[in-house]
Amino acid sequence: MIVVFIVILSKDKKGFVFVKHKDRTTWEIPGGHIEPGETPLEAAKRELSEETGALDFKIEAICTYSVENNEIITYGGLFYAEILSYSPKLDFEIEKIESFKNIPENLTYPQIQPHLFQEIVKRLEILL
């Protein structure tokens, strides 16, 4: 099993952090593909910093999950982070970030993101 992408559900003082890509009108959990030579944790730290502007954060691996699409199974790493501070500058692909008390309705990947969100909430026993 080779993990090819990562997702980082994160939380700050205001709530759960979601990002809006500049080419979409929907919200998503920060994440992306693992680059050659990166570990899943290195990719998670890089993607969280790039997509949210997080400067100071605590991050931990939660689990590996699989997604089946057209009979092809791919694997992702699910992480959780607590963001303590942000850079004022966002990655060029991200239009904005926002904190929500719960998962927003308008999601980029509604087939998988609610399941990942609930897995984090269940495993960490976060009170919503």
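These legends go with a set of close-up views of a predicted model.

**Figure 1. The whole protein, with two helices and six strands.** Starting at the N terminus, the elements follow the order β-β-β-α-β-β-β-α. The radius of gyration is 14 Å, close to the 14 Å that the globule rule gives for 128 residues, so the protein is as compact as a globular protein of that length. The C-alpha trace extends over about 40 × 35 × 30 Å along its principal axes. Buried residues make up 44% of the 128. If you follow the contacts with a separation of 6 or more, you will find that 69% of them join residues 24 or more positions apart.

**Figure 2. The surface and its charges.** The protein exposes about 7600 Å², and 52% of that area comes from carbon and sulfur atoms. Look for 14 positive and 21 negative side chains here. The centres of these two sets are 7 Å apart.

**Figure 3. Helix H1 and the strands that cover it.** H1 takes in residues 40–52. Its 13 residues should span 18 Å at 1.5 Å a residue, and the end C-alpha atoms are indeed 18 Å apart, which agrees. The buried residues of H1 are Ala43, Ala44, Arg46, Glu47, Leu48, Glu51 and Thr52. A handy thing to keep in mind while looking along a helix is that an α-helix has 3.6 residues a turn, so residues three or four places apart point the same way. The cover over the buried residues of H1 includes S1, S2, S4 and S5, together with strand S3 (31–33) and strand S6 (94–100). Just past the end of H1 comes Gly53, with a positive phi of about 80°.

**Figure 4. Ser10, a buried residue in strand S1.** Strand S1 covers residues 3–11, and Ser10 has its place there. With a relative accessible area of 0%, Ser10 falls under the 20% cut-off and so counts as buried. Who are its partners, once neighbours within four places in sequence are left aside? Ser10 is in contact with Gly15, Phe16 and Val17, and also with Leu48, Ala81 and Ile83. Leu48 belongs to the buried residues of H1 shown in the previous view.

**Figure 5. Helix H2 and its packing against four strands, S1, S2, S4 and S5.** H2 is made of 12 residues, 113–124. The expected span at 1.5 Å a residue is 16 Å, and the end C-alpha atoms lie 17 Å apart, which agrees. Gln113, Leu116, Phe117, Glu119, Ile120 and Val121 are the buried residues in this helix. They pack against S1, strand S2 (16–21), strand S4 (54–69) and strand S5 (72–86). After H2 comes Glu125, where phi is positive, near 55°.

**Figure 6. Leu78 of strand S5 and its contacts.** Leu78 has a relative accessible area of 1%, so it is buried. Neighbours within four places in sequence aside, the contacts of Leu78 are Val7, Ala61, Ile62, Cys63, Tyr65, Leu116, Glu119 and Ile120. Leu116, Glu119 and Ile120 are among the buried residues of H2. How far apart are Leu78 and Val121 in sequence and in space? They are separated by 43 residues in sequence and by 12 Å from C-alpha to C-alpha.

**Figure 7. Cys63 of strand S4 and its contacts.** Apart from neighbours within four places in sequence, Cys63 is in contact with Gly76, Gly77 and Leu78, and with Glu119 and Arg123 as well. Leu78 is the residue of strand S5 featured in the view before this one. Cys63 and Lys122 are 59 residues apart in sequence, with their C-alpha atoms 12 Å apart in space.

**Figure 8. The loop between S4 and S5, home to Asn70 and Glu71.** What is the sign of phi at Asn70, which is not a glycine? Phi of Asn70 is positive, at about 55°. Glu71 also has a positive phi, near 65°, and is likewise a residue other than glycine. As background, most residues other than glycine have a negative phi. Are these loop residues buried or exposed? Asn70 is exposed, with a relative accessible area of 69%. Glu71 counts as exposed too, at 72% relative accessibility.

Terms used: Residues are numbered from 1 along each chain as its sequence is written. This is a predicted model: local features need pLDDT of at least 70, side-chain atom pairs count only at pLDDT 80 or more; totals for chains, interfaces and linings use all residues. Side-chain values use heavy atoms; hydrogens and water are left out. The radius of gyration is taken over C-alpha atoms; the globule rule is 2.2 Å times the number of residues to the power 0.38. Buried means under 20% relative accessible area, exposed over 50%, partly exposed in between (1.4 Å probe, protein chains only). Contact means heavy atoms within 4.5 Å. Accessible areas come from the Shrake-Rupley method with a 1.4 Å probe; for residues, only the protein chains shown count as cover. Lys and Arg count as positive and Asp and Glu as negative; His and the chain ends are not counted. The place of a charge is taken as NZ of Lys, CZ of Arg, CG of Asp or CD of Glu. The expected span of a helix is 1.5 Å times one less than its number of residues.
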